[in-house]
Structures are given as C-alpha cells and as structure tokens.
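Biologist: I'd like to go through this one and have you back up each term as we hit it. Could you put it on screen?

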Amino acid sequence: KTNEVQLRAKRGDDVFEILSSLGEDIYSIENNVMIERDRDLYEELPYLISQVENKYNGEISEGIKIQSFPSINAATGGIMPDDFIIIYGKEKSAKTTVTERIALDFAFQGIPVAMFPLEMSFDASAYKALSMECGIEYLKLRNPKGNGLSENEFLDFIQRTKKFSKTKIFIDDKTFDFDKIIGKMKILKRKHNIGLFVIDYAGLIQAARKFEAKRFELKHYSSRLKMLGKQLKTPIILVSQANENGKTSESVDLLRDCDFAMLCVKPFHDGILSFNYGTKGSPRHYDFTENDFLVTIERSRFGRDRQNFVVGYSGTKFIERDLIHK
C-alpha cells in the first residue's frame, strides 16, 4: 500500500485523496476486511430469504421513508442504502429546499447526514434547517432586527432547537474540489457512519483535471458518486440545475446514471395553473397557488416514471400537500 502511495504521489494525484484512500486501507487492514470473498447466488439464498422475511416482519427497514413526502415512498419503496438520486430544477424551483427537507427527515430518524452546500454558507444552510423545524421564518434568523424578531419568538426558538440534540447533521461549506469531496465523504462515513450524503449542486463542483467538455466532467462526477454510494452503502443526492426547457442543463448522463431523478418546478411562474391527478374512475383536480411546487419523479430505475406530487410550505414546514382533502 505504501508503494501505491508513492506511485500516486509521483503521478501527481490529489494529496487529500491519496491520504484519504490510505486511511481507508489502514482501517480495512486493522479490521481484517481487506479480502472480499466471492459470493455465489445459490450459496447466498439463506441470507437473501432471511432478508426478505426480516423486511416483511419489520425487523429491518425496507428503505428509509421520507415522512414529509409520502409520494416518494410510494414511488421508490423508500431510499435504499446505495441509491444515487438526482434532484434538479430551474432557479427558485425549491430543489434545494426539497433536498434539505429529505435530509432533515433522515436526521430526525436518527440517521447521520452530511451536506456539501456549494452554493450556500454553513450559516445559511443551518438557518434554513432550523427555520423548517422550529417554526420560525428564515429571514428572522438571517436578519432578526430588520425582520422584527420578538423576544418571545427568540425564546421560543431557543426552546425548540433542543429537538436537534439527537441529530447529527454535518455541513461542509468549504470543500469544492471533487477529489477532496470524495475523500471527505469517506472520512465522514468512517468517523460518523453517515447515512445520507448531499451535494448541492453539480455545476459548482471544481476539478483539478481538465475535461474536453462540461458533459464529460459531469459524467465523471455522476459515475464516481454512483460507485462511491455502492462502496460506502450510503445513498447520495446530487442537486443539478435545469435549463429553461426544464432539462438537466449540466448533463443528460446524470439522469442515465441515477436510480431516481426528481424534477422540481414552480408551476405558477411557468403558467401552469392546475394539476389533474387520481385515477380514471376517480379523477381529481388541484389549482396551483403561488406557493406551490410540483415535483415529478422523472426517472425511477425500479418503479414507474412520471409520478407527480405537490409540495409547499405549511407555516414554516415544507411538506407534501394533502391533495385528497383539497
């Protein structure tokens, strides 16, 4: 392993990534997990059958459920340990808010979460999370005097923040280089057993190496993140920007590589005034307001594509609309 380190150093590989990989190797050697045995399907049948039985009996999770967005659970069966998820949309389409809401759902189920908000500072990301969970306007945390934060609101806010005592939410707003992000993810997984990684967003990732075109660069990111998720057995969400036509402006390969892709749209701003849902025998209709966002599961490797649901703020809580009662 030290010979490999010397070769990589001479080749000019990223130092942070070299050290991170060596740390992984040392951890594996110390814990005797370097040698992977060959797995035969028939020999693994007892294990596979017990997994199905344990899932059926509720002894182990079938997938992490997103409590705020029941439609995601129905479409995906829950988020599995190695899922690679793309959430994309145009500017101000709530893609970051949808992503952070999912991350908070994980965190409040006792699952450690790590976020790389490349577009936002630590403070902005933290205040957004606190706002959604503590029932206080985001702007009152960002600019309390200018937005009229009262003493009672402040004291109530402090009391409500205690609910975060059982969560582990790590926010890294200083790492932009892709190899360093990969290395940091491996370290965080080993130190804190992270159960969800979030990178927001793909277009702001920096790379030391040069690519012929942006498409090849983003293909490189998506392929490596997909493989990393399988290696770490941890789901990864990558947020991406959409163009004016609602397509992933950064690379079509992101959609090809992912297990699930969700498109976020602000219907009212795009002139979409209503939404039909339900079944042929029981059709339903919903009129959008300015505060609604439409989320479409554009791609599902394991289920049906083109499933829609509406989300928005209920007070400061960002949740799926209960359309049945509309």
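Biologist: Which residues line the largest cavity?

Modeller: The lining is T96, T99, E100, M115, P117, M120, S125, V198 and D200. Elements that give two or more residues to it are α5 (95-107), β2 and β4, and α5 gives the most, with 3 residues. Bear in mind that this is a predicted model, so local features need pLDDT of at least 70 and side-chain atom pairs count only at pLDDT 80 or more, while totals for chains, interfaces and linings use all residues. Numbering runs from 1 along each chain as its sequence is written, and side-chain values use heavy atoms, with hydrogens and water left out.

Biologist: What makes something a cavity, and what makes a residue part of its lining?

Modeller: On a 1 Å grid over the protein atoms alone, a cavity is a set of points where a 1.4 Å probe fits but cannot get out, and a lining residue has an atom within 4 Å of a point. Searching the whole structure for cavities of 30 Å³ or more gives 1. The largest has a volume of about 50 Å³, where volume is the space filled by probe spheres set on points joined across faces, edges and corners.

Biologist: How does that lining divide by residue type?

Modeller: It's 4 nonpolar, 3 polar and 2 charged. Nonpolar means Ala, Val, Leu, Ile, Met, Phe, Trp, Tyr, Cys and Pro, charged means Asp, Glu, Lys and Arg, and the others, Gly among them, are polar.

Biologist: Why does S93 count as buried or exposed?

Modeller: Buried is under 20% relative accessible area, exposed is over 50%, and partly exposed is in between (1.4 Å probe, protein chains only). S93 has 4% relative accessibility, so it is buried. A94 comes out buried too, at 11%, whereas K92 has 69% and is therefore exposed.

Biologist: What does the side chain of S93 reach?

Modeller: One partner is the backbone oxygen of K90, at 2.6 Å; another is the backbone oxygen of C264, at 3.4 Å. Both are polar contacts because the cut-off is a pair of N or O atoms within 3.5 Å, with one able to donate a hydrogen and the other to accept it; residues adjacent in sequence count only if both atoms are side-chain atoms. Leaving out residues up to four places away in sequence, S93 touches C264, V265, K266 and F293.

Biologist: What makes the backbone at K92 worth a look?

Modeller: K92 has a positive phi of about 60° although it is not a glycine. A94 isn't a glycine either, and its phi is positive at about 75°. Most residues other than glycine have a negative phi, and most peptide bonds are trans. On the second count, look at D200 to Y201: that bond is cis, with omega near 5°.

Biologist: How do you know that α9 reaches about as far as expected?

Modeller: The expected span is 1.5 Å times one less than the number of residues. Helix α9 (residues 178-192) has 15 residues and runs 21 Å from first C-alpha to last, close to the expected 21 Å. It's called a helix because it is a DSSP run of H or I with at least four residues; strands are E runs of at least two, and numbering goes from the N terminus.

Biologist: What sits at the two ends of α9?

Modeller: At the start, a side-chain oxygen of D177 comes within 3.1 Å of the backbone nitrogen of D179. After the helix comes N193, with a positive phi near 50°.

Key: On a 1 Å grid over the protein atoms alone, a cavity is a set of points where a 1.4 Å probe fits but cannot get out, and a pocket is an open set with protein on both sides within 12 Å along at least five of seven lines; lining residues have an atom within 4 Å of a point. Contact means heavy atoms within 4.5 Å.
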